[in-house]
Structures are given as C-alpha cells and as structure tokens.
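Got the viewer open? Let's take a short walk through this one, with a few selections to make along the way.

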Amino acid sequence: MEYVLSQLKNLTSIDSPTGFTKKAAEYVANELKAMGYEPKTTLKGGVLCCIGGEGHPVILSAHLDTLGAMVAEIKGNGRLRVLPLGGLQPNNAETENCTIYTRFGNKKYSGTMQMNDPSVHVNREYGEQKRKFDSMEIVIDEKTSSKDETAALGIEVGDIVCFDPRTVITESGFIKSRFLDDKLSVAMLLDVARLAKLGGLNRKVYLYITVYEEVGHGCSASIPADAEDIISVDMGCVGGGLGCDEHKVSICAKDSHGPYNYDLTTELIGVAKAKNLDYAIDIYPYYGSDADAALDAGNELRHGLIGAGVYASHGYERSHIDGVRNTVELIKGYIME
C-alpha cells in the first residue's frame, strides 16, 4: 500500500485534465522505464507497455486524464468564464482553488472558482442561485479588473484551468482527493508492473494508460493487434442501489453502453470468490469506460471493468486502502495466479 499511495500522491500533484496530460504521461513512462520496461508513447499521448508473459494477451487500461476546465471568455471585469473538460460539475467546483496555465510564455496563475457576486452580505439571492458555468467565474489572484488587464497577463481563450486535488490519506486508511478517477487505478497498475518484474505472469499483459477517457475516446486507438481481452481498471461506483463501498473491489456487469463480456466477467467474479476478496457486482447506469471505447472503435475483444470503490464520483472523491488492496489482489489473481 505504501507504494500505491506514494504513486497516487505523485500523480495527483501533476495537473492533467483531458488535453493537458503530457507531463503526467511522461512521469508514468519514466516510472516504467526505471523498472526496466520499454513503454511507448502513442500519438494521442497515452502510454502503452508490455510487462511480459506469454499467450492470450490482455490489456489492463487506466486513464491519466482528469476533469478540468478551459477558458471560454475573458469577461469585462477581468475574470474568466470557463467550460468543463469532461464531466466537471459546476457545483463541485464552487470556491475551489485552481491554476490557470497559459498556452504561451510558460506562465501560470492561481485563482478561485466563485459564483458571480458571491458575497452573502451583498447578494441575498446567493443561496438560491443556480450553480452553472454561465453564473460562475474564475477570480484570478492578480491585480486585474478589465479584459485588457487580464489579456496582458498572457491569458487567452483556450487556456487550461486545473483544480487543486487536495489529496489526503487518513490514519484510518481513507483516501480523499479529486481525481481518484482514475489516478488511483494508474497507481495500482504501476504496482502491478512492479510485481510483474518478480515473475509469475500466466499470460501476456499490456498496460495501456490513456489520456482521453473523460471525453470518451481513450482506448479507441493503439490497441495491440494480438490483444484478446481488455479490462478497464477504473473507479468502482458507490451510491444508491449499488452494493459497492470504498472497502470493496467493484466488478461491473453492465454500464450505459451495455453488458460487459459475460465470460470475462464470470472469470473475474470467480477469482474474487476463490481469493475470498471483498467485492460487489454492480450495474452502473451512467458510466462509460475505456473498454467500451475500444469496442466502439471496432476492436474485437472480450471486455470487463473493475475498480476500487470510489464515493462522490466527479467531486471530492473518497476511497480506502481496503478497496485498493482488494482490487490489486483481483488483478494479481487474474494475471499471475
């Protein structure tokens, strides 16, 4: 767990919303190189790496891209109207600190996402206002009160806005952070790569760390020609009507795209039962994965989806080391035992 949590902290410290993932991908590639692997960077910016084994190749995928925002307008008051990258919810971004990265000049500025006119001592309608991007703005931590002054800072439409992850690990083992979806899974797959160096793989294994999952096409390209199976290692949903919680590994039977491969899902459940893991089988009503994207792109693969239970998805998320341990053990049981 120490290795996984250390990698998680490193990963969440690197801003990487969809479309702005280069530094995070370079970090992952360098970690794999340090283990003795030969990862390849795809044209889309993902990281693909064979970690060994022979026969019946399987892809384990996770994604580095996170939610974020993009500058859509420099307002007359010098503040920024933004639009989301991925499924960022405006109510989950209210009062959050952020960083604005300029496209040119290698500059970055801190700021805060606020409602328009957010002082309750002035605006009596504050509590009733709808939380939507058109009624919110990024307040930049610079002396600016006009469009021209903000433009003079080098900020332009199309610049990336990254929200602070606020990663916290409690003494009781809870993991709280933005972007556990899906940097927690990337940290787990780095641990799987580390363990694979000790030997024992029962089949050929690829790791595929993608960078466009949050907008739906992470695994739509660069699938190895010999791959037979793909398992997305992504967040397990926690919520009403579901069996999963933060302590379990979730095995998804169906999401918004349809059922996952029946036989592969049954194999995963069988491993969880044999290893006496704490797991749940769930259906995710509003979910799509990299495994879905791979099939949507026309790849002929068996596909599955697993992940550590994550509470409050797309917000300030929470998991637990128990869920991480159960997920890693399920992966090990499937590809190593």
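Which residues does Ile51 touch, not counting residues up to four places away in sequence? Keep in mind that you're looking at a predicted model, then select Ile51 and look around. You'll find Tyr37, Val192, Ala193, Ala196, Leu201, Val205 and Leu207 touching Ile51.

**Stop 1: the core**

Stay with Ile51 and add Val28, Leu32 and Ile335 to your selection. Of the 57 residues in the largest nonpolar core, these four touch the most other members. Now colour helix H5: with 11 residues, H5 gives the most to this core. Apart from that core lies another one, made of 23 residues, including Ala69, Val71, Ile155 and Val161. As background, nonpolar side chains in soluble globular proteins tend to be buried together.

**Stop 2: H5 against H8**

Next, show residues 180–196, which form helix H5, and residues 321–335, which form helix H8. Their axes come within 10 Å and cross at roughly 45 degrees, so H5 counts as oblique to H8. The crossing of H5 past H8 is right-handed.

Turn on side chains here. On the H5 side, pick Leu184, Met188, Leu189, Asp191, Val192 and Leu195; they meet Val324, Thr327, Val328, Ile331, Lys332 and Ile335 in H8. Sorted by type, the residues of this contact come to 9 nonpolar, 1 polar and 2 charged. Two names should ring a bell: Val192 was in the list around Ile51, and Ile335 was named with the core.

**Stop 3: H1 against H2**

Head to residues 2–12, helix H1, and residues 22–34, helix H2. These helices pack at an angle of about 145 degrees, with their axes 11 Å apart. Select Tyr3, Gln7, Asn10 and Leu11 of H1, then Tyr27, Val28 and Glu31 of H2, to see what makes the contact. That set divides into 4 nonpolar, 2 polar and 1 charged. Val28 is back again, having appeared with the core at the first stop.

**Stop 4: Tyr206**

Finish in strand S12, residues 205–210, where Tyr206 has its place. Is Tyr206 buried or exposed? Tyr206 is buried, with a relative accessible area of 10%.

What surrounds it? Leaving aside neighbours within four places in sequence, Tyr206 is in contact with Leu48, Cys49, Cys50, Pro57, Val58, Ile59, Leu60, Pro224 and Asp226. For one last selection, pick Arg131: Tyr206 and Arg131 are 75 residues apart in sequence and 42 Å apart in space, C-alpha to C-alpha.

Methods: Residues are numbered from 1 along each chain as its sequence is written. This is a predicted model: local features need pLDDT of at least 70, side-chain atom pairs count only at pLDDT 80 or more; totals for chains, interfaces and linings use all residues. Side-chain values use heavy atoms; hydrogens and water are left out. Axes are lines fitted to C-alpha atoms, for helices over the stretch in contact, and angles run from 0 to 180 degrees between N-to-C directions. Helices (H or I, at least four residues) and strands (E, at least two) are DSSP runs, numbered from the N terminus. Angles under 35 degrees count as roughly parallel, over 145 as roughly antiparallel, 65 to 115 as roughly perpendicular and the rest as oblique. A crossing is left-handed if the near helix is turned anticlockwise from the far one by less than a right angle, and right-handed if clockwise. Contact means heavy atoms within 4.5 Å. Ala, Val, Leu, Ile, Met, Phe, Trp, Tyr, Cys and Pro count as nonpolar, Asp, Glu, Lys and Arg as charged, and the others, Gly among them, as polar. A nonpolar core is a set of buried Ala, Val, Leu, Ile, Met, Phe, Trp, Tyr and Cys residues joined through side-chain atoms within 4.5 Å. Buried means under 20% relative accessible area, exposed over 50%, partly exposed in between (1.4 Å probe, protein chains only).
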